[in-house]
Number of protein chains: 4
Amino acid sequence: MTKLRLGMVGGGQGAFIGGVHRIAARIDGAFDLVAGALSSNPDRARASAADLGLAADRSYGAWQDMLAGEAARADGIQAVAIVTPNHMHAAPAAAFLAAGIHVICDKPLAATMDDALLLEAAATKSKALFILTHNYTGYPMVRQARAMIAAGELGDIRLVQVEYAQGWLSEPIEQTGQKQAAWRTDPAQAGGGAIGDIGTHAFNLMRFVSGLQVQEIAAEMSSMVAGRRVDDNVQVMLRLQGGARGALWASQVALGEENALRLRIYGSKGALEWAQENPNQLWFTPLNGPRRLLTRGSGGMHDAATRVTRIPAGHPEGYLEGFATIYAEAALAIRAHAAGAARDPAITYPTLADGMEGMRFIAACGKSSSQNAAWVTL
Amino acid sequence: MTKLRLGMVGGGQGAFIGGVHRIAARIDGAFDLVAGALSSNPDRARASAADLGLAADRSYGAWQDMLAGEAARADGIQAVAIVTPNHMHAAPAAAFLAAGIHVICDKPLAATMDDALLLEAAATKSKALFILTHNYTGYPMVRQARAMIAAGELGDIRLVQVEYAQGWLSEPIEQTGQKQAAWRTDPAQAGGGAIGDIGTHAFNLMRFVSGLQVQEIAAEMSSMVAGRRVDDNVQVMLRLQGGARGALWASQVALGEENALRLRIYGSKGALEWAQENPNQLWFTPLNGPRRLLTRGSGGMHDAATRVTRIPAGHPEGYLEGFATIYAEAALAIRAHAAGAARDPAITYPTLADGMEGMRFIAACGKSSSQNAAWVTL
Amino acid sequence: MTKLRLGMVGGGQGAFIGGVHRIAARIDGAFDLVAGALSSNPDRARASAADLGLAADRSYGAWQDMLAGEAARADGIQAVAIVTPNHMHAAPAAAFLAAGIHVICDKPLAATMDDALLLEAAATKSKALFILTHNYTGYPMVRQARAMIAAGELGDIRLVQVEYAQGWLSEPIEQTGQKQAAWRTDPAQAGGGAIGDIGTHAFNLMRFVSGLQVQEIAAEMSSMVAGRRVDDNVQVMLRLQGGARGALWASQVALGEENALRLRIYGSKGALEWAQENPNQLWFTPLNGPRRLLTRGSGGMHDAATRVTRIPAGHPEGYLEGFATIYAEAALAIRAHAAGAARDPAITYPTLADGMEGMRFIAACGKSSSQNAAWVTL
Amino acid sequence: MTKLRLGMVGGGQGAFIGGVHRIAARIDGAFDLVAGALSSNPDRARASAADLGLAADRSYGAWQDMLAGEAARADGIQAVAIVTPNHMHAAPAAAFLAAGIHVICDKPLAATMDDALLLEAAATKSKALFILTHNYTGYPMVRQARAMIAAGELGDIRLVQVEYAQGWLSEPIEQTGQKQAAWRTDPAQAGGGAIGDIGTHAFNLMRFVSGLQVQEIAAEMSSMVAGRRVDDNVQVMLRLQGGARGALWASQVALGEENALRLRIYGSKGALEWAQENPNQLWFTPLNGPRRLLTRGSGGMHDAATRVTRIPAGHPEGYLEGFATIYAEAALAIRAHAAGAARDPAITYPTLADGMEGMRFIAACGKSSSQNAAWVTL
């Protein structure tokens, strides 16, 4: 099967998430990276493209050039990955969508709600697909958890505890030139701090798995490190659909934590627990029964988990495979779109609607926090 | 060394915590249970006393009788353990204190603030000691955690996440005659639900280890099971001394959880994590270093941990030993008191002041929850 | 119920296991320690007895004196705990048995096979009971494991992997005056090294849980630390009844391990795993099902586990409670014996036969190791 | 950088490891799969090639055809992955080597020692490279462990405990048409059972990390399932260089185990533990210090680990990334070879010598087992 032709905006030398997207796009062999505007610095863009073996005539100094150049080619890109800092998502995404090129965009959707609305408008007008890389939804055991809840195996959901704890910003490393820290703590580039960078992941994961709407939140955002310009810790109380309650905690000053995204959901008939750092396991406790350790690839998994599982149980799949699943799903959707076929309902990826939800969550947390943690309707 | 003579109020047949107190009092050999008013039902009181081998003339049908009887004996009890439901703590405790008999009382202090204040007044007037069995402070690794923070090994505390999750009330078992469930969900006997039964433990543990005052809380108390008359889930946001932030979660409808009391504290120089169900371990992560698994009885522990450690590393001490440490500390304090000696400052146990703090925490949560989770000063 | 009167041989100041026996004897309130010959050094014996509050006239300088003194009293001891180094087990045990006093003896049975045979002869002649403190059989989840296998829940046993790893002898601390290390590495006092001190525990645990006879062993015993006079590492291959195979590993130079006794048993229908350092859990995997984490005190336990469980799930019982269960079982057996009653078949404790098995295991390992790990029939 | 042109022998529809090799070859973008003889059944070979999008003229019905066809092309393959059952490794590997095409071969080296010797002879004569996919050596924390030992951080190695436990052959599924089980338990295709399939992995891992020669082994190989034609359980005692001792256990009837490869190494100054199912962690205990949990991507790692790490700590890399590292190392070595450059000594992959060691280990275990587990020199 011919590979889909992919371009990339951002992800040049020194970036983190661009490299992740490239590996993710390669793992299942569905995409071929053929073009890039890899940096807003033209020299770095070209050097980065050379590193990646892109053809010189498809190495662009700006995304606008790439859009023009690729749109003019018979073999132009069919999809573009946007992996820039948050404030640089909306403009290119809207433009590529307008040109009918599918967009695979990193999260959060945008740095500001205004940008997000522009992007939403563009997406609404375009027939091209928009895929948001809330990559944690790509883990097989996350899919399993979602399927179990959808099948009623937990009964009525009562409690949702989600947290995303990191410690890498425990010191003011943004003041000492660490590139990732610098843009992620710059309000102009990132929009916010922990709330957007990881809080939206936690929110999305909880929404994806539980299926429950969050009705109201009360949030307190803090900045724990002197001189930091964005929030680095967020505590949120949740009121969910159907009377469920819960809490969300996102922190980048939880010293010693690496990437501790963890979800616990308790229902009237069962409970689930999943942790990103050991993603091949899912704890399930049925009412009045012992805990069971469900494992990726083992017997009894829901189809939703099995169809995104690559290798047998006990052979751990990791972050890159979970991320790759978003790309694999995107590829399936793009091919179905190209064929004018009805899309297989099993295909699952985060959409623009999920991104808008994340933006509304960020906004609501900001509003609540500025009102002394008053409840805000989502 | 002669054992201290102990009486007990409550703890008759069918009770849970009374048996725990008795084992705890025996483990280190410092107490001899010699008298009891083990039930408010005189027949059950006598039968329970016979089970325990108490002398017939020291088996009482009511605590008032025991107080009178024991006070009149030359070999009367020196201390009394009060292990009744919450609403039955204050009256006997105050009376025994008034008679100069030391009181070891289960938590929470009382079912109502009025009762707590009466007890506080009685304790203030008495020279006898009052010990509250917030037993989780007796675990050696909890003492280690406290000592590390006191020694500055975590730097400035930024975050405190504490939770106490149980699932045993996931169904309305109080409606089917389960005795423990019945009184613990009866507002008249318990005062409240999860907030008093386990929320106060979580609060006390966090206070004990961190040493930080909690300045304000915002709480939402819920009742998740139809027909339940008390809260069975509590979400609390915390504002602590020095700008620290945190969350407290206590639940008795977290299906599948047994007794999952867990504390995480993050500072500017280090972080700690401890979980009650595996209490011999304490995770410590220093800034920029790998996680270290500190274990009870191993080298390098603070004296505060070592002095309450009974057996070598790898030989797990459990809940009963932690509880026994409260009794062991009580015995040391009582002997020092009897000798008129200055008490060794190393002796550590929860006091009436801790109990009053817990009562104020309960009250504040109730007030906040009734005001739509508004912040309440503690 | 009147407590049983207990004496103790050994366990004076500086000892480890004597203190453990005393706590174990106290936990369930069935014994009263009333006499002691706590050290072979008369002065230390008396000082130790004073520490424990023993009456002066029941504090003896030698076990022979205690035997004579107690046998002459109407209120003399009914049972004696023997907690001396291994070479001092047989003589007092045989003598107390001959006097009709029940014996609770630490393991291994003796330092030499000759001593063991003398003790066996004495026990055979006496009507008094002999209880060996292979304490790990007292853990509720060990009892659960045994009951599950007896009930056929694992099908035919195929594999038994047992290990007991410690690291405390990684350095030659016996040469620097550490008392526990000194006698435990002295061939004259201990008989052997790791093989007797912990290898017999591992062997006994595996036998107790699996119920399988060990038919042949091939062993290699090593001494890894310069100057050490006994084995500190033992590797054993096992051929068990019914074609099962397995391995036993005991080491005291496994640096960093504390008391890592761990048993895994695999059958045709299920598998179990238990680890002493987290003793309230038992992993069970049924054929084609997910792993289940069984916990002490939770629903669905076999009676054999429930009857030795003191407190609810999630409140960890530890080493001392497991040890106490041996004493509790001994008390039940002694009372039944005194009453001339048939003993409840549920009462379970390690016997002299278990001790003899352990001695034969030690001897077989020694023989095999001296024959280049040739197979030796057990 | 231009990708290396890769062919594949085996790995057609229904295979497991072929798909793993293909993903591994893609992850780091260094190879392009351009040709295949994917099945010994020509129809299946063609269908499989079509699935993968191979050009029709590079889809071959037999490896001999592929060798001829590719050798004749200017753009012929530069390397070939051999992913057939074991008995089909040697012939194609030798032939491709003879043609100067680099070989990346699955393990074990061959089904018989004769085949292995033929292959060794071919490799010796060829200038082309031979890479054996003992993929577990590709995990960053395995590289870290090796580097720590090489740097002396464990002192003198005393004990090596390695095990590889699987349960998937607990029932005779080879008799019911399960394709993987069928060939892996067929002596003609596999050579042996657990010993070759997973025992060699365990052996190789232990050798790779410890650096110690194994001098003698005593082995017992068993077949636990009725009708099985190969060993499914292997117990081995080890005598290693410098007086170290250890054990190796490999089983495919350890019910409930998925892919539990686990290595523990104890030295005079420190100890390490690593488990494949949670591969981003490495436990390290220094003498007299607490356990430390080293994590992939965190600070303080050796260069040997860092250079094969793709993404930050807390973002788990898995089995496929570890496997991909073998391909990435192969690519570096092939490019250096092509350039006539001295190879960077940091490049590390399993070689033919490692494969020959594995074959000698298999042979020694067979010999020992047939001699009642007598010691056999390796």
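In this predicted model, chains A and C meet through the same surface, because 100% of the interface residues of chain A are also interface residues in chain C. Chain A is also related to chain B by a turn of 180°, and a pair of helices within chain B gives us something to look at inside a single copy. Here is a quick tour, one topic at a time.

**Chains A and C: how they are related and where they touch**

- Chain A superposes on chain C with an RMSD of 0.0 Å after a rotation of 180° and 0.0 Å of shift along the axis.
- The residue of chain A that comes closest to this rotation axis is A:Arg292, whose C-alpha lies at 2.2 Å.
- Eight residues from chain A and nine residues from chain C make up the contact.
- On the side of chain A that touches chain C, three residues are nonpolar, three are polar and two are charged.

**Strand 13 across the A–C contact**

- Strand 13 of chain A (residues 291–295) pairs with strand 13 of chain C (residues 291–295) in the antiparallel sense, over three bridges.
- Within this pairing, A:Arg292 has C:Arg292 as its bridge partner, and A:Arg292 is also the residue of chain A that comes closest to the rotation axis.

**Chains A and B**

- A turn of 180° with a shift of 0.0 Å along the axis lays chain A on chain B, with an RMSD of 0.0 Å.
- This is the relation of a two-fold axis.
- For this axis, the nearest C-alpha in chain A belongs to A:Ala374, 3.6 Å away.
- Both copies use the same surface here, as 100% of the contact residues of chain A recur in chain B.

**Two helices packed within chain B**

- Packed helices are generally described by the angle between their axes and the distance between the axes.
- In chain B, the axes of helix 6 (residues 140–150) and helix 9 (residues 194–210) come within 7 Å and cross at roughly 45°.
- That crossing makes helix 6 of chain B oblique to helix 9 of chain B.
- Helix 6 of chain B brings B:Val142, B:Ala145, B:Arg146 and B:Ile149 to the contact, while helix 9 of chain B brings B:Leu205, B:Phe208, B:Val209 and B:Ser210.
- By type, the residues of this helix contact divide into six nonpolar, one polar and one charged.

Conventions
Residues are numbered from 1 along each chain as its sequence is written. Chains are lettered from A and ligands numbered from 1 in the order in which they are written. This is a predicted model: local features need pLDDT of at least 70, side-chain atom pairs count only at pLDDT 80 or more; totals for chains, interfaces and linings use all residues. Copies are superposed by least squares on the C-alpha atoms of residues with pLDDT of at least 70 in both. Two residues are in contact if their C-beta atoms, placed from the backbone, lie within 7 Å. Ala, Val, Leu, Ile, Met, Phe, Trp, Tyr, Cys and Pro count as nonpolar, Asp, Glu, Lys and Arg as charged, and the others, Gly among them, as polar. Two strands pair if DSSP finds at least two bridges between them. Helices (H or I, at least four residues) and strands (E, at least two) are DSSP runs, numbered from the N terminus. Axes are lines fitted to C-alpha atoms, for helices over the stretch in contact, and angles run from 0 to 180 degrees between N-to-C directions. Angles under 35 degrees count as roughly parallel, over 145 as roughly antiparallel, 65 to 115 as roughly perpendicular and the rest as oblique.
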